[in-house]
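New to this protein? Take a moment with the sequence and the model below, and then we can walk through the main parts together.

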Amino acid sequence: MSRSALVGNVTAMLEDAGFVVSDRCAIRPKSFDIAARRGEDLILVKILGNIDAFNEATGHEMRRLGTYLDATPLVIGLRSRDEDLKPDVVYFRHGVPVLSPDTAYNLFIEEVPPLIYAAPGGLYVNIDGDLLADERQDRDWSLGQLANELGVSRRTVSKYEDGMNASVEVAMELENLFDAPLTSPVSVLEGADDVHETEATPDDPEADPDDEEVVAVLTRAGYEVHPTLRSPFKAVSHEEEEKDDDVVLTGHSEFTKAAEKRARIMSSIGHVTHTHSVYVVDRAKQESVDGTALVEREELEQLRDAAELRKVIRERAEHEEAA
C-alpha cells in the first residue's frame, strides 16, 4: 500500500469514528500528517508504512506540540523492519505511542482499547494491583503462596500489587488462577504515561535566525513563543497568562505560493485544534488566507501588546468569513 493510500484510509477511518480531521500537511519537513478532534480528544497523527522512519527529532517535536496544544501525539504504521505490527498492541518510538491500523480501528471505531504494550524484553499488560490484592486476600493466600503459584519471588508479587506491570504470560496465569479480569487497558489518548515513563517534554529548539526578530516582537507583546522545526507553522505562541484560551499558530516568510499553502494548512489545523493562526509577511495584498490572518512585519512591530494582536487576528478571520 502506498503511503498516500494509507493516509487516505486512516483519514477515512477517523472520520467514520466521528473525528473532525484537518487537511493533510502536504509539505516537508513535517512532524505530523493530520490533526483530528472528537470532543475533548485531540490527536496529532503521523502515518508511516515503516515506523523505523520515525526519528528522534520528529518524536521530540510531536511531544512538544502535544504539550502546547493539549493533544496526544500518535503514530499509525504498518510494520517495523520486515515485521507487521501486531494488532491490539501499543508500541513506542521516542516516547510516542505507535498503533497498527487494526489497533487504531478497534480503539476509535469499536471503542475497544488495547491491553498490551511492547517494551524492551517483550509484551506487557497493566495489572490492577488493588484488584489483585483483593482477590489474593479473598482467597486467604499470602504473598508467598501466590509467588509459589507463579514461580516468582514474593517481592515481585508485592510489586504487582503496587502497580508494576506484568508480562502477558504472567497476566494470563493470574487471570486463570483467580478466574477474574485483572488487567486494564492502555490509556493511549492520555499519552499512555501509566505504562511508559518518559523524560520531561524536550526543550524547544532555537528559533530560525530569520525568525528571531518576529519572535522578539511577539515576546515583547506578552507571548510565550515555542519555535518548531518540522511543522507547517514556525512556532506555537500563547499569551503568558492565557495559555489555555489563546494559542496562536505562527508563521513567517515572504508571501509566496508556498506561504499561501502553509497559511491554508495552518487554518485547517487551527480549526481542528481550536487555535488561531497568523502569518507574518513583508508585504501582503490581502488580509487573510482561509482564516489565517496576514500581518506585515512593520505592522506587527507597531502592535503594543497581545490584546492588539489578538484583535487583529480575529477581525481579519471574521472579515474573511463574512465576505
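Which residues does the UniProt annotation "domain: HTH cro/C1-type" cover? According to that record, an unreviewed entry, the answer is residues 132–189. Over this stretch the chain is 59% helix and 7% strand, and 25 Å separates the C-alpha atoms at its two ends.

Before going further, a word on confidence. This is a predicted model, with a mean pLDDT of 90 for the protein, and 94% of the residues score at least 70. Strand β1 (residues 20–21) has the highest confidence, at 98, while helix α11 (residues 306–322) has the lowest, at a mean of 79. As a rule, where pLDDT is low, the predicted coordinates should not be read in detail.

Now for some strands. Strand β9 (residues 122–127) is a handy one to follow, as it turns up in each of these pairings:

| Strand pair | Sense | Bridges | Facing residues |
|---|---|---|---|
| β8 (residues 116–119) and β9 | antiparallel | 4 bridges | Y117 and Y124 |
| β9 and β10 (residues 166–167) | antiparallel | 2 bridges | Y124 and S167 |
| β9 and β11 (residues 183–184) | antiparallel | 2 bridges | I127 and T183 |

β8 and β9 make a hairpin with 2 residues between them. In that turn sits G121, with a positive phi of about 105°. Another glycine with a positive phi, near 105°, is G222, which follows helix α8.

That brings us to α8 itself (residues 212–220), where V214, V215, V217 and L218 are buried. Why do they end up on the same side of α8? Because they cover an arc of only 160° around the axis.

What about the inside of the protein? The largest nonpolar core has 35 residues, and F32, L44, F233 and V236 touch the most other members. Elements giving two or more residues to this core include β3 (41–50), α2 (56–69), β14 (247–252) and α9 (257–273). The largest share, 6 residues, comes from α9.

V236 is worth a closer look. Setting aside neighbours within four places in sequence, V236 is in contact with L65, Y68 and L69, among others. Its contacts also include V247, V248 and L249. There is a second, separate core too, made of 24 residues, with F19, I43, V90 and A104 among them.

How values were computed. Residues are numbered from 1 along each chain as its sequence is written. This is a predicted model: local features need pLDDT of at least 70, side-chain atom pairs count only at pLDDT 80 or more; totals for chains, interfaces and linings use all residues. Side-chain values use heavy atoms; hydrogens and water are left out. pLDDT is the predictor's confidence in each residue, from 0 to 100. Buried means under 20% relative accessible area, exposed over 50%, partly exposed in between (1.4 Å probe, protein chains only). The arc is that of the directions from the helix axis to the C-beta atoms. UniProt positions are given in the numbering used here, feature names are shortened, and annotations may be inferred rather than shown by experiment. Two strands pair if DSSP finds at least two bridges between them. A nonpolar core is a set of buried Ala, Val, Leu, Ile, Met, Phe, Trp, Tyr and Cys residues joined through side-chain atoms within 4.5 Å. Contact means heavy atoms within 4.5 Å.
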